[in-house]
Amino acid sequence: MLDATIDTLRDLLGPEVVRTDPELLAGRRHDYWAAAHLREWRGEPMGQPGCVVQPRGTEQVQELLRFASSNGVAVVPYGLGSGVCGGVLPTDDVVLLDLSTMDRTREIDEHDLLATFDAGKNGMEAEEEVAARGLTIGHWPQSIAVSSVGGWVSTRASGQFSTAYGNIEDIVYSIEAVLPDGELVHLGKAPRAAAGPDLRHVVMGAEGTMGVITGVTFSLRRAAAARRFTAFHSPDMATGVEAQRRIVQADWRPPVMRLYDGAEVARNFPDHVSGDAGALLMLHEGPAARVDAEVDDVTRIATEAGLVATTGALTEEWLGKRNHVPTWSDFFERGAVVDTIEISAPWSRIIGAYDAVVASLNEVEGIVNASAHSSHVYRSGINLYFSFAVLAEPQDMEARYFECWHRTMEATAANGGGIAHHHGSGRLRVPYLHHDLGAGGVELLRTLKSAVDPAGIMNPGNLIPPPVL
C-alpha cells in the first residue's frame with residue numbers, strides 16, 4: 001500500500017487507529033481456513049494487509065469507507081478471525097478493518113428481551129453478560145469463545161442449540177451497518193415487518209462484501225429452568241435420521257440433536273462404542289414439565305424407530321468437551337490434512353448424499369477417515385457435518401485437501417443437497433455456489449453487489465463468483 005494512502009488515513013482517523021506494526025500485519029494475514037494455515041506451515045509466501053484500521057466507533061468506520069469508496073481502496077472486514085472458509089485473505093493493497101476494538105455492550109433490555117452489542121464483541125463474553133441476568137442468546141457455535149457477534153451474522157452462522165432456538169437469522173432482531181459509501185443504515189425496527197424485502201439479509205451472510213456490520217441486536221430468551229440428557233444407539237445412519245424426522249415432525253424440539261455414524265462414535269466416544277452402531281445424542285431443556293413430557297415421548301418415538309436407549313452420560317460427555325479441537329498444525333505435523341464440511345438436504349435426500357459423499361471420499365488416495373454426524377434438524381430436512389482426514393506428503397496435502405472438498409460438494413449437489421449450511425462460503429465455496437443459487441441466482445447476487453458496492457471495494461474475491469468470460 002502506498003505510504004501516502006496510509007498517511008492520509010492516519011490524518012483522517014488518527015495515528016493510533018491506523019497501524020502498520022509488523023506483528024499485527026502478520027497476525028491478520030488470514031482467518032482460520034485450513035488451506036491458509038497449511039500454506040503458512042509449509043513456509044509459502046503469504047500476503048498481508050497494507051495496514052490495519054482498528055476503529056473506536058461506527059463514525060470511524062463511516063469515515064474509512066467514504067475514503068475507500070472515493071479512492072478505490074479495498075477494505076476487508078475482520079472480526080476475531082475464526083472463519084474457516086477463507087473469507088479473509090488480504091493483499092498489501094488492502095485495508096484490513098479490524099473490528100475487535102469495537103467490543104462494547106450497548107444495552108441489555110430485560111423487559112423486551114433485547115441485547116445490543118458492537119459487532120466486535122466476543123461471543124462468549126456477550127453470552128456471559130446476558131447469562132448474569134438469567135437470560136441467553138441461545139447461539140452456541142463451536143467457535144463461541146473465539147468469534148464475534150458480527151461475525152456470526154456476517155456468515156449466517158448456526159449454533160449447537162439451533163434445533164430449538166434457531167439459527168442466527170432467527171435470533172437477530174436488528175442490524176446496524178455501514179454501506180460501502182459510508183452511509184449508516186439500521187435494518188430492523190420491530191419484532192416483525194412487512195415493509196418490503198427484509199433488508200437485514202443484504203448484509204447477513206454477505207461476509208463483508210456488501211458493507212460492514214457495526215452493531216447487532218439479539219432477541220433473547222430466559223434461561224431454561226430444567227435440563228435433561230438422553231442418548232440412543234442407532235444401527236445405521238438411515239435409522240437414526242428417520243428417528244429424528246419423526247421426533248421433529250411430532251413437534252418436539254430438543255435444542256441439541258446430534259447423530260454420529262459408527263466411525264465418529266469410535267473416534268469421539270470410545271467409552272460408548274456398541275459394535276458398529278451410531279449414536280443419537282439429545283439435550284432437552286425448558287420448563288420442567290415440558291422437558292419431562294418431551295423426554296418421555298422422544299424416548300417412545302426413538303425406540304419405535306429402531307433405536308436402543310443408552311446412558312445420557314454420553315450426551316453430557318459431548319457437552320463437556322464439545323469445543324475442544326486440535327490445531328491444524330497438530331495434524332500437519334502428523335502427516336495429515338483434515339477438515340469438516342457442512343451440508344444439508346431434505347429428509348428424502350440426506351441418506352443418498354451421505355452415502356455418495358462417504359463413498360467418493362474413500363476413493364481419495366491416502367484417505368484414513370470419511371465420516372459424518374448431523375447437528376441441526378428442521379421440519380423438512382437435516383444437515384450433515386462431514387469429517388475427512390488424508391495422509392500425504394507436505395507437497396501433496398493441498399491438492400488432496402481440495403480434492404476432498406470438490407468430491408463432497410459435487411456429490412452433495414448431485415444428490416439434491418445444499419452445499420453450505422453454516423460456515424459461510426468464503427473463497428472456498430465460490431466454485432460451487434451455482435449449485436445452490438443457479439445461474440440466475442448467481443447473476444442476481446452479482447447485480448446486488450454492483451448496486452450496493454459499485455466501486456467494488458468490499459472484500460474483493462470473497463463469496464461472489466466472477467463473471468464467466
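Me: How far apart are the end C-alpha atoms of helix 12 (residues 288–304), and what span should its 17 residues have?

Reply: In this predicted model, helix 12 runs over residues 288–304, and a rise of 1.5 Å a residue is what one would expect for its 17 residues. That rise gives an expected span of 24 Å, which agrees with the distance between the end C-alpha atoms, namely 24 Å.

Me: Which residues of helix 12 are buried, and which are exposed on the other side?

Reply: Buried here means under 20% relative accessible area, while exposed means over 50%. By that cut-off, Val291, Glu294, Val295, Val298, Ile301 and Ala302 are the buried residues of helix 12. Because these residues cover an arc of only 140° around the axis, they lie on the same side of helix 12. On the other side of helix 12, the exposed residues are Ala289, Asp296 and Glu304.

Me: Which elements do the buried residues of helix 12 pack against?

Reply: The buried residues of helix 12 include Val291 and Ile301. The elements that the buried residues pack against are strand 12 (226–234), helix 10 (237–249) and strand 14 (278–286).

Me: Which residue just after helix 12 takes a positive phi?

Reply: Just after helix 12, the phi angle takes a positive value of about 110°. The residue with this angle is glycine 306.

Me: What is the radius of gyration of the protein chain, and how many helices and strands does the chain have?

Reply: The secondary structure of the protein chain comes to 17 helices and 19 strands. For 469 residues the globule rule gives 23 Å, and the chain comes close to that value, so it is as compact as a globular protein of that length, with a radius of gyration of 23 Å.

Note on methods. Residues numbered from 1 in each chain as written. Predicted model: local features only at pLDDT ≥ 70, side-chain atom pairs only at ≥ 80, totals over all residues. Heavy atoms only, no water. Helix = DSSP H or I, 4+ residues; strand = E, 2+ residues; numbered from the N terminus. Expected span 1.5 Å × (residues − 1). Buried < 20%, exposed > 50% of the residue type's maximum accessible area, 1.4 Å probe, protein only. Arc of directions from axis to C-beta. Contact = heavy atoms within 4.5 Å. Rg over C-alpha atoms; globule rule 2.2 N^0.38 Å.
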